[in-house]
Amino acid sequence: QVQLMESGGGLVQVGGSLKLSCIASGNISSLNAMGWYRQAAGKQRELVAHISDGGKTTYGDSVKGRFTISRDYAQNTVYLQMNSLQPEDTAVYYCNALSRPSDTVLEVHWGEGTVVTVSS
């Protein structure tokens, strides 16, 4: 099993910045891609950013140019630098990871979430 722990959420004003961190522990030898999703009140969970095991990044359309995902492979940590935050970025942000404990098994893991609130 892989456990994920997020940190870095909080309250920020419009135009401000926050950096989220997510540390993976447990069966990290099977860790593959990692990413961030968010869920605003009354809305579905959506992709924010994703980074493959090889470092390829993908972003949701609403955060392109403002958010940057990065990964420290040695520390089993994924980061999300969020700049130019807007009220619509207010949500619970969840860390996500894929692991492949065997050739035929792909597992999905989620953190408990960290709250980001952007005030106008």
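These exercises work through the core, a buried glutamate and an aromatic cluster in a predicted model.

**Exercise 1. The nonpolar core**

Task: State how many residues the largest nonpolar core has, and which of them have the most contacts inside it.

Solution:
- Start with the count. The largest nonpolar core has 27 residues.
- Pick out those with the most contacts inside this core: Met34, Trp36, Leu80, Met82 and Tyr93.
- Trace the strands. Those that each supply at least two residues of the core include strand 1 (2-7), strand 3 (18-26), strand 4 (31-39) and strand 5 (46-51).
- Strand 7 (67-72), strand 8 (77-82), strand 9 (91-102) and strand 11 (114-119) also each supply at least two.

**Exercise 2. Glutamate 6**

Task: Determine which polar atoms of the backbone lie by the side chain of glutamate 6, and how far away the nearest side chain of opposite charge is.

Solution:
- Place the residue. Glutamate 6 lies in strand 1.
- Check burial and charge. Glutamate 6 is buried, yet has no salt bridge.
- Find the nearest side chain of opposite charge. This is arginine 45, 7.8 Å away. A salt bridge needs the atoms within 4 Å.
- Turn to the backbone. The nitrogen of glycine 113 lies 2.9 Å from a polar atom of the glutamate 6 side chain.
- Add the second backbone nitrogen. That of glutamate 112 lies 3.2 Å from a polar atom of the same side chain, glutamate 6.
- List the surroundings. Neighbours within four places in sequence are left aside. Glutamate 6 is then in contact with Ser21, Cys22, Trp36, Tyr93, Tyr94, Cys95, Gly111, Glu112, Gly113 and Thr114.

**Exercise 3. The aromatic pairs**

Task: Classify the two aromatic pairs of the structure and say which parts each one ties together.

Solution:
- Recall the two descriptors. A pair of rings is described by the distance of the centres and the angle of the planes.
- Take tyrosine 37 and tryptophan 110. Their centres are 5.1 Å apart, with 70 degrees between the planes, and the pair is edge-to-face.
- Locate the partners. Tyrosine 37 is in strand 4 and tryptophan 110 in strand 10 (residues 105-110), so the pair ties together parts 73 residues apart in sequence.
- Take tyrosine 94 and tryptophan 110. The ring centres are 6.5 Å apart and the planes stand at 90 degrees, so this pair is edge-to-face.
- Locate these partners. Tyrosine 94 is in strand 9 and tryptophan 110 in strand 10, so the pair ties together parts 16 residues apart in sequence.
- Compare burial. Tyrosine 94 is buried, at 15% relative accessible area. Tyrosine 37 is partly exposed at 23%, and tryptophan 110 is partly exposed at 38%.
- Join the pairs. Tyr37, Tyr94 and Trp110 are linked into a cluster by ring pairs.

Definitions and conventions. Residues numbered from 1 in each chain as written. Predicted model: local features only at pLDDT ≥ 70, side-chain atom pairs only at ≥ 80, totals over all residues. Heavy atoms only, no water. Core = buried A, V, L, I, M, F, W, Y, C linked by side-chain atoms within 4.5 Å. Buried < 20%, exposed > 50% of the residue type's maximum accessible area, 1.4 Å probe, protein only. Helix = DSSP H or I, 4+ residues; strand = E, 2+ residues; numbered from the N terminus. Lys, Arg positive; Asp, Glu negative; His and termini not counted. Polar contact = N/O pair within 3.5 Å; in protein donor to acceptor, adjacent residues only side chain to side chain. Contact = heavy atoms within 4.5 Å. Phe/Tyr/Trp six-rings, centres within 6.5 Å; stacked < 30°, edge-to-face > 60°.
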